Each structure stands twice: as structure tokens, then as C-alpha cells.
Amino acid sequence: MPVERIEPKSEQEWLEMRAKDLTSTEVSALFGISPYITNFELWHRKKNQQIADFIQSDRMKWGTRLQDTIAKGIAEDEGWKIRRMDEYMRDPELRLGASFDFSIEGDELGLLEIKNVDSLIYKEGWEKDDEGNLEAPPHIEMQLQQQMLVADRKFGYIGALVGGNTVSLIKRERDEEICQAIKDKVAAFWKSIDDNEEPTPDFEKDASFISKLCRYAEPGKMMSLEGDEGFKNIAVKHNELGKRIKALEKQREACKAQMLMQIGDAEKCIGDGYTISAGLIGPVQISYERKGYRAFRINWPRKKKGE
């Protein structure tokens, strides 16, 4: 089945199309390398055809604003002719879709993926392999491979502007083994949804999403957990961790009090490799509507004296 090429008429239409597919920014979750979303959360979002809240951070906004300028500069330096890609492309059989930044025009078409990267993030996440070749973070490498698969391009570049003044340009050939792995993972993902086989959550990474997923409680519904030792063990651990957190908070507050006694009314302090800010924050009246949420509390009977 041929790949569809669609030009969305609005951001809402673009978001609705993305909800039906696995996109280039989501595929990395299937391999456990996405810093943004887990496989468990992605499964539930796609099963429910949920349109993700697309709220741009300030970094993302400025990255979008500077994207054209960065791409133009790279094209000038490399002698390329580029075209901004406003289309959305999808493989309806695989249910795999992608949006793109720029097309490198010529006898053979390529892709140019633009990233505006903070210098500290670059140092921490962009590494060199054993042969000294620069590698982008795994989810970005996967993103470009998925885009080349959907667009049927043989090569692409990751163009990163680092710290506002240095360009790192990484060329990637389409890797057929990676593309096949993507196809296999995507096929298995959609089959799991069709078969209603929920993936196992990572309770640490998925805790926040599970709280949202399980935010409803049926009024008056009661469940017996008697005899469930596994659940009781988790409840005991939850209780013990709560006590440790309270104890640590008391210790932390004691440290703060000790420091305040020493610095007195100083607004700023300089130490060996650290600074302290302790200025006044003026009063402000805040009025807002609190959203409903699901209360969760484990009640333990108080121990009697001598127990």
C-alpha cells in the first residue's frame, strides 16, 4: 500500500492524524529509549485514540522559531538546496506516520532534522563512539531512521545548533536492519492493542500516568483484599517509605534552621562551590479552582501500649 502524503489544514487536524499512527517521536518508546513517554503510556494513548496535549515549553517555542534560520545557515554552509516539509506522511498499512523538518533537494532526496541544543545538554547526551564519530541521543537517532523509512529516503542529517553558535552535523544512511526492527515493533504494538494485551508498566516511570489513568473511583464500591499477602506487602512498604520521608523532611528542615541561624538576615551567601539565596518573597493573593482528584490513604490501626 503506497504511503499517503497529507498537508494538514490546521494544528488540530495534524494532532488528530498523529493520534492514529505511531510517529517518529514516539517509536523510541517501543525500544525503551524515549525520555518523554513509556511504552505503557503510549499503549493507552493509542488505544483510546487520545490526542496528546501539545504544550510547548519556552525551549521548544524558540527552537521552532529558530528552526528556519538554523536550516538556512546549514544549507548555505553545505551548498544545499532545501525545502521546508509541511506535509504529514503515513503508511496506512503499518499505521506509521511522520512529520519532518526539511527536505534536502537534489538528484537524490534526503532529510534534514533540526535540533536547537543547550550546551550542557549537548555535553551530557551527545557522545562519540569508539571510532570518534558523533552520535545523537538514541531517541533522536531512532527518530531520523523512522523518518527515512516513512519518506523512503536513503540518507538524512541531524543538524544541531549547540549553545547558539556551534553547528554539529551528523549524516546517517538508512539502516535497513533498524527499519525492519521498527516495522516489527510497530506491528507487535498494534497487534497488542487489537488483542487488548496491555503491556507491563514500569511502576516508577509510569506512576504519574497510572494515577491519571486510575483517577475515577466508583462511589460505594468495596473490594476485599483479605488473604492477598502480595498487596499487603506493598502497603507495608508504602507505609514504611512514608515514615522515612517524614523523618528525612524533619532532618532537612533542621539543617535549614541551622543554616538560617548562622546567616541571619543575609540575602545572599557564597560558599566553597555553592551559593545561597535567601531573599524575601512578597505576599500575593492566589485564587484558582482546584481540579478534582482521587484521594488515596492507607489506614493502619494504632498499636496499643505494650504491643
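## Contact between H2 and H6

In helix H2, Asn39, Leu42, Trp43, Lys46 and Lys47 meet Phe189, Trp190, Ser192 and Ile193 of helix H6, where contact means heavy atoms within 4.5 Å. By class, this contact comprises 5 nonpolar, 2 polar and 2 charged residues. The model is predicted, so that local features need pLDDT of at least 70 and side-chain atom pairs count only at pLDDT 80 or more, while totals for chains, interfaces and linings use all residues. Residues are numbered from 1 along each chain as its sequence is written, and side-chain values use heavy atoms, with hydrogens and water left out.

H2 spans residues 39–47 and H6 residues 176–194; they pack at an angle of about 60 degrees, with their axes 10 Å apart. The two helices are therefore oblique to each other (angles outside under 35, 65 to 115 and over 145 degrees). Their crossing is right-handed.

## Surroundings of H1

Helix H1 (residues 11–20) has Trp14, Leu15, Met17, Arg18 and Ala19 buried, that is, under 20% relative accessible area with a 1.4 Å probe, protein chains only. The cover over the buried residues of H1 includes strand S1 (4–6), H2, strand S3 (88–91) and strand S4 (96–99).

## Nonpolar cores

The largest nonpolar core (buried nonpolar residues joined through side-chain atoms within 4.5 Å) has 34 residues, of which Leu22, Leu96, Phe100, Trp126 and Phe189 touch the most other members. Helix H5 (138–151) is among the elements that each supply at least two residues of this core, and H5 gives the most, with 7 residues. Apart from this core lies another of 10 residues, among them Ala71, Ile74, Ile104 and Leu161.

Terms used: Axes fitted to C-alpha atoms, helices over the stretch in contact; angles between N-to-C directions. Helix = DSSP H or I, 4+ residues; strand = E, 2+ residues; numbered from the N terminus. Left-handed = near helix turned anticlockwise from the far one by under 90°. Nonpolar A, V, L, I, M, F, W, Y, C, P; charged D, E, K, R; others polar. Buried < 20%, exposed > 50% of the residue type's maximum accessible area, 1.4 Å probe, protein only.
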